[in-house]
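Let's walk through this structure together, starting from one residue and working outwards. Keep the sequence and the 3D view side by side as you read.

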Amino acid sequence: MRSLVVVIVALAVASCGPQPAQRRTITFWAMGAEGEAIGKLVPAFEKRHPDLRVVVQSIPWSAAHEKLLTAYAGSTLPDVAQLGNTWLPEFQAIGALVPLDEFLAGSACVPPDSYFAGIWEINRLGGKIYGVPWYVDTRVLFYRCDIFREAGLPTPPNTWEEWIESCARIRKTRPGTYPVFFSLIHSEWQVPVILVLQNEGTLLRENHTRGSFDSPPVLEAFRFYLSFFEGGFAPRRMTEFANLLQAFVEGNIAMFVTGPWNVGELRRRYPADEEKWATAPLPGRRNRLSVAGGSSLVVFRTCQHREAAWKWIEFLSEPSVQVEFFRLTGDLPPRKDTWHLGLLDDSKMVAFYRQLRSSVGVPRIAEWEQVATKMQEHLETVVLGRRSLEGAVKALDADVDRILEKRRWLLARGLLAE
């Protein structure tokens, strides 16, 4: 009799929890290192929400864009996904995303004011919010503090003028080396764009439907960028250094502009050299802006469990969870309050926190990456002496106008949100 009672009680207890068949499943696609790491956070979420199950699919970045578009065409998109910020306008334009304003209005876990403003605004399209920032990146100056001391430079440059002067002093102290390195790979367009933003230039005009690269502030920014190459301060060919980080720690390059991932890479590959280098916010002109990047969490229109999907996004947005995610991946938190949970104790990260307060997104259009790649392609012809800046900019504006032709057509017919 006693054993029967035990069995009955055990069955009763078991029936209180959700049965596997009753659990709602959220499918989540994440890319690259994030996709490999996020599984470690799932158990904590499922423990808090035993009626929910998260199935993670990790996708290589190289295949992610095509896979998402294929899934959209086949109505097989996941419920929630990580979406690169420059992809957000494209998927919003094709109607794949759910606006999140109603969820935000009822949520205490995702307060917009807690986020870096420039990062948050990237997710606003046509007056609505389509993504919640998951992690962020921005570009800062990595510099060799020992080389700066050797050249009699007590601090990293704060202005464009100081940047050029620093290069001249370093070049004089260490002939045969390069004071600075700028990538000319066409997909790495951030530096010239940052300089245009710092000079308050406008990259695109007429509601982002035409190029504006021939305007005086943009031309002035491009001339400053090119002056590093013309002065011999930056290498003209990428083949001069097979390994950029090695060239940096060996002192063949004194400065370069890059993102937070290289803090971890330098520490991992060259731990004995950590005291040689530091990070600083970028030198500026009219302002000290940098570009804001990263990924956001989005909900797709095909999602059948939107409230459950939002709970997953809320969980990933909690400061304590963001700290754990930072420890797993090195990705920077988009919430300012998260940074005060120990991240600012790292001297190499302080520059990123300061720079993120002065970072903005690039033009929020689906064609942006094509435009930026074309810009870098034309600037390279000037760096290599194949064309004048004026000729390159004229050709660039013509190319960008062609890229944006469909956008003009759609806007003229009211088929695309401004």
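Trp 312 is buried, with a relative accessible area of 0%; here, buried means under 20% relative accessible area, exposed means over 50%, and partly exposed is in between, using a 1.4 Å probe and protein chains only. Before going further, please note that this is a predicted model, in which local features need pLDDT of at least 70 and side-chain atom pairs count only at pLDDT 80 or more, while totals for chains, interfaces and linings use all residues. Residues are numbered from 1 along each chain as its sequence is written, and side-chain values use heavy atoms, leaving out hydrogens and water.

Back to the tryptophan. Trp 312 sits in helix H14, which covers residues 306–317; helices (H or I, at least four residues) and strands (E, at least two) are DSSP runs numbered from the N terminus. Which residues is Trp 312 in contact with, leaving aside its neighbours within four places in sequence? They are Ile 26, Phe 28, Ile 38, Val 42, Phe 45, Val 54 and Val 80, where contact means heavy atoms within 4.5 Å. Leu 52 is 260 residues from Trp 312 in sequence, yet their C-alpha atoms are 9.3 Å apart in space.

Now turn to the nonpolar cores. A nonpolar core is a set of buried Ala, Val, Leu, Ile, Met, Phe, Trp, Tyr and Cys residues joined through side-chain atoms within 4.5 Å. The largest one has 58 residues, and Trp 163, Phe 182 and Phe 213 have the most contacts inside it. Helix H11, residues 216–230, gives the most to this core, contributing nine residues. Apart from this core lies another, of 33 residues, including Val 42, Phe 45, Phe 103 and Phe 315. Two of these names may look familiar: Val 42 and Phe 45 are also among the contacts of Trp 312.

Trp 163 is a good residue to click on next. With neighbours within four places in sequence set aside, Trp 163 is in contact with Leu 141, Pro 157, Val 180, Phe 182, Leu 195, Phe 224, Phe 228, Met 255, Val 257 and Pro 283.

Helix H17 is another useful stop. This helix spans residues 347–356 and includes Ser 347, and Phe 352 lies in it as well. Is Phe 352 buried or exposed? Phe 352 counts as buried because its relative accessibility is 0%, whereas Ser 347 is exposed, with a relative accessible area of 56%. Beyond four places in sequence, Phe 352 is in contact with Thr 138, Val 140, Phe 142, Thr 258, Gly 259, Pro 260, Val 263, Thr 279, Leu 332 and Trp 339. Thr 279 is 73 residues from Phe 352 along the chain, with 8.2 Å between their C-alpha atoms. As for Ser 347, its C-alpha is 10.0 Å from that of Ala 280, and the two are 67 residues apart in sequence.

Phe 142 also leads to Asn 262, a residue of helix H13 (residues 261–269). Asn 262 touches Phe 142, Leu 245 and Phe 256, not counting residues up to four places away in sequence. Asn 262 counts as buried because its relative accessibility is 10%.

Next, look at a loop. Most residues other than glycine have a negative phi. Glu 206, though not a glycine, has a positive phi of about 50°, and Asn 207, also not a glycine, has a positive phi of about 60°. Glu 206 lies in the loop between strand E9 (204–205) and strand E10 (210–211), and Asn 207 is found in the loop between E9 and E10 too. Glu 206 counts as partly exposed at 48% relative accessibility, as does Asn 207 at 35%.

Finally, zoom out. The chain has 20 helices and 14 strands, and buried residues make up 53% of its 418 residues. Along its principal axes, the C-alpha trace spans about 95 × 60 × 35 Å. Among contacts between residues at least 6 apart in sequence, 75% join residues at least 24 apart.
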